[in-house]
Amino acid sequence: MPTAVVTGANSGIGHAFAELLIQEGYDVTGVDVNVGDKLKSLQCKTAQLDVSSPDSIKAFAKAYGDGPLDLLLNIAGVMAPPEEDTLSTVSLDTLTKTFGVNTFGPLLFTQALLPNLLKSEKPRLAVMSSRVGSIADNSTGGSYAYRASKAAVNSVFKSMAVDLKDKGVVVVIMHPGIVKTGLLPAGLAPKEAVIPEEAAEKLYKVLTSKGLEDTGRFWHREGYELEW
């Protein structure tokens, strides 16, 4: 049975992805900073994990043990309220919290579980980014902390793809499209927003269709490549 660890599994796309992987026959460990009803409802192993805390990451890696890990999905993310992430309002606190979860967290969590990934016969590593992090596609400005954190995590995982290609690790950088999750303020989801289950299903098809020849590229949930 293949193994998977999914962050952000108490809500949104993380929870939907964990459920999907369980249905696909994975031995899943779902983790989240909040041990809420959705995380508890998953028919799999669960744990509390704060990806912005090195101590929390270290404790989880120790508890996970030294067994192989076939799939690591870095999905946990945060976004400050729009009014706190403008040119005139963004603060060091907002920047620090956003980068801690969206950029530093996926890097340090992957670092901690890399020995497990490298024991897999077919290791696969993914991160939930956002088209907002595309510098070439930025035509609206704003969202300083969130946008920069996603541009930075793209850079991090592109580097991982280069460093890990010879070790057989496929790295997939994913954009989910607009999804009805807790990141969007209530009532602000546009008509084209999809439910997390649809996003997870389409992203799973993208994730599983990529090989080493595609490693380190940036994909839309509909399957086409996005520019940096």
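Here are some short exercises, each with a worked solution, on a predicted model of a single chain.

**Exercise 1. Work out which secondary structure elements the chain has, and in what order they come.**

Step 1: Start with the totals. The chain has six helices and seven strands.

Step 2: Now walk along the sequence. The pattern reads β-α-β-α-β-α-β-α-β-α-β-α-β.

**Exercise 2. Decide whether the radius of gyration agrees with that of a compact globule.**

Step 1: Get the expected value. For 228 residues, a compact globule would come out near 17 Å.

Step 2: Put the model's own value beside it. The chain has 16 Å, so it agrees with the globule rule.

Step 3: Add the outline. Along the principal axes, the C-alpha atoms fill a box of roughly 50 × 40 × 35 Å.

Step 4: Look at the inside and the outside. Buried residues make up 47% of the 228. The exposed surface comes to about 11000 Å², with 54% of it supplied by carbon and sulfur atoms.

Step 5: Check how far along the sequence the contacts reach. Take the contacts between residues at least 6 apart in sequence: 68% of them join residues at least 24 apart.

**Exercise 3. Find out whether His15 is buried or exposed, and what it touches.**

Step 1: Locate the residue. His15 sits in helix H1, which covers residues 12-23.

Step 2: Read its accessibility. The relative accessible area of His15 is 6%, and buried means under 20%, so His15 is buried.

Step 3: List the contacts, skipping neighbours within four places in sequence. His15 is in contact with Gly8, Ala9 and Asn10, and also with Lys38, Leu39, Ser41 and Leu42.

**Exercise 4. Take two residues of helix H4, Pro106 and Phe104, and work out how each one is placed.**

Step 1: Find the helix. H4 spans residues 92-117 and holds Pro106; Phe104 lies in H4 too.

Step 2: Sort them by accessibility. Pro106 has 4%, so it is buried. Phe104 has 44%, so it counts as partly exposed.

Step 3: See what Pro106 meets. Not counting residues up to four places away, Pro106 touches Asn74, Val101, Val127, Val153, Phe157 and Met160. One of these, Val127, is 21 residues away along the chain, with 7.3 Å between the two C-alpha atoms.

Step 4: Do a similar check for Phe104. Ser149 is 45 residues from Phe104 in sequence, while their C-alpha atoms are 8.9 Å apart.

**Exercise 5. Describe Ser129 and Ser143, which belong to the loop between E5 and H5.**

Step 1: Set the borders. The loop runs between strand E5 (124-128) and helix H5 (144-164), and Ser143 is found in it. Ser129 lies in this loop as well.

Step 2: Check how covered they are. With 2% relative accessibility, Ser129 counts as buried. Ser143, at 30%, counts as partly exposed.

Step 3: Look at the backbone of Ser143. Its phi is near 50 degrees, which is a positive value in a residue other than glycine.

Step 4: Go through the contacts of Ser129, leaving out residues up to four places away. They are Lys150, Val153, Asn154, Ile173, Met174, His175, Pro176 and Phe218.

Step 5: Pick a residue further along the chain. His220 is 91 residues from Ser129, with the C-alpha atoms separated by 9.8 Å.

**Exercise 6. Place Ser155 in its helix and say how exposed it is.**

Step 1: Ser155 is found in helix H5.

Step 2: Its relative accessible area is 47%, so Ser155 is partly exposed.

Step 3: Gly216 is 61 residues away from Ser155 in sequence, and their C-alpha atoms are 9.3 Å apart in space.

**Exercise 7. Describe the second largest pocket: how much space is in it, and which residues line it?**

Step 1: Start with the volume. The second largest pocket holds about 190 Å³ of space.

Step 2: Name the lining. It is made by Pro2, Tyr26, Asp70, Leu71, Ser120, Glu121, Lys122, Pro123, Arg124, Val170 and Thr208.

Step 3: Sort the lining by type. The split is five nonpolar, two polar and four charged residues.

Technical notes. Residues are numbered from 1 along each chain as its sequence is written. This is a predicted model: local features need pLDDT of at least 70, side-chain atom pairs count only at pLDDT 80 or more; totals for chains, interfaces and linings use all residues. Side-chain values use heavy atoms; hydrogens and water are left out. On a 1 Å grid over the protein atoms alone, a cavity is a set of points where a 1.4 Å probe fits but cannot get out, and a pocket is an open set with protein on both sides within 12 Å along at least five of seven lines; lining residues have an atom within 4 Å of a point. Grid points are joined across faces, edges and corners, and a volume is the space filled by probe spheres set on the points. Ala, Val, Leu, Ile, Met, Phe, Trp, Tyr, Cys and Pro count as nonpolar, Asp, Glu, Lys and Arg as charged, and the others, Gly among them, as polar. Helices (H or I, at least four residues) and strands (E, at least two) are DSSP runs, numbered from the N terminus. The radius of gyration is taken over C-alpha atoms; the globule rule is 2.2 Å times the number of residues to the power 0.38. Buried means under 20% relative accessible area, exposed over 50%, partly exposed in between (1.4 Å probe, protein chains only). Contact means heavy atoms within 4.5 Å. Accessible areas come from the Shrake-Rupley method with a 1.4 Å probe; for residues, only the protein chains shown count as cover.
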